[in-house]
Amino acid sequence: MTRLLLVNGPNLNLLGVREPETYGTATLDDVVELVRVTASRWGLEVEAVQSNHEGVLIDAIHAARLTCAGIVINPGALTHTSVALRDALTGVALPVAEVHMSNVHRREPFRHHSYVSDIAEIVVVGAGVQGYAFAVERLAGLVTGPATP
Ligand code: CA2
């Protein structure tokens, strides 16, 4: 079965536990479940990884090269700092959907630049946890191709 890789970066394990005013009350488990349910409507499986360690995320992206058709990623703060993560994403040449729950453009200036956005097919910002579902819908359409009449 065709598979998507879901990547969540540093501190996203705290989702639903801290800072609900910024990131809401849904937990990371809720996010993974939402992504799985959304993907399953397209006949897609989901492999999920969250890590606070950049290298773990890079290894998971490399491993997806031969097992996944696309990547949904919220890189967390690595969005704004990591050329290595960007290089991993370009290296595997899979379509990327970047998600940020908060509207990063309404926040501090250092959050306005992303090392991922210009290499992503899809960018969803400021839609909360629902943004992951939007990203999956669009990415699934890309990787499964047009419906045959
Ligand atoms: O809005 C987003 O989804 C972010 O990717 C979240 C990152 C932040 O650095 C980006 O600028 C925007 C932070 C993830 C940390 O998540 C937490 C969740 C709950 C409590 C504390 C941190």
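How far does a polar side-chain atom of Asn74 lie from an oxygen atom of the ligand? The distance is 2.8 Å in this predicted model. The close-up views below start from that contact and move outward.

**View 1. Polar contacts join the ligand to Asn74, Ala77 and Met101.** Asn74 contributes a polar side-chain atom, 2.8 Å from a ligand oxygen. Ala77 uses its backbone instead: an N or O atom there lies 3.4 Å from an oxygen atom of the ligand. Met101 also offers a polar backbone atom, 2.8 Å from a ligand oxygen. The ligand taken alone exposes 510 Å², and the protein buries 95% of that.

**View 2. A shell of 17 residues surrounds the ligand.** Asn74, His80, Met101, Ser102 and Arg111 come nearest. By class, eight residues of the shell are nonpolar. Six are polar and three are charged.

**View 3. The ligand takes up the space of the largest pocket.** The volume of this pocket is about 380 Å³. Its lining comprises 18 residues. Pro10, Asn11, Leu12, Tyr23 and Arg111 lie nearest the pocket centre. Arg111 is also among the residues that come nearest to the ligand. Eight lining residues are nonpolar, six are polar and four are charged.

**View 4. Asn11 has a positive phi in a loop.** The loop runs between strand E1 (3-8) and helix H1 (20-23). Phi of Asn11 is near 75°, a positive value in a residue other than glycine. Asn11 also belongs to the pocket lining, as one of the residues nearest the pocket centre.

**View 5. Ala93 also has a positive phi.** The value is near 55°, again in a residue other than glycine. Ala93 sits in the loop that links helix H4 (83-92) to strand E4 (96-100).

Key. Residues numbered from 1 in each chain as written. Predicted model: local features only at pLDDT ≥ 70, side-chain atom pairs only at ≥ 80, totals over all residues. Heavy atoms only, no water. Near = heavy atom within 4 Å. Polar contact = N/O pair within 3.5 Å; in protein donor to acceptor, adjacent residues only side chain to side chain. Areas by Shrake-Rupley, 256 points an atom, 1.4 Å probe, with all protein chains shown as cover. 1 Å grid on protein atoms, 1.4 Å probe; cavity = no way out; pocket = protein on both sides within 12 Å on 5 of 7 lines; lining within 4 Å. Sits in = over half its atoms within 2 Å of the grid points. Nonpolar A, V, L, I, M, F, W, Y, C, P; charged D, E, K, R; others polar. Points joined across faces, edges and corners; volume = space filled by probe spheres on them. Helix = DSSP H or I, 4+ residues; strand = E, 2+ residues; numbered from the N terminus.
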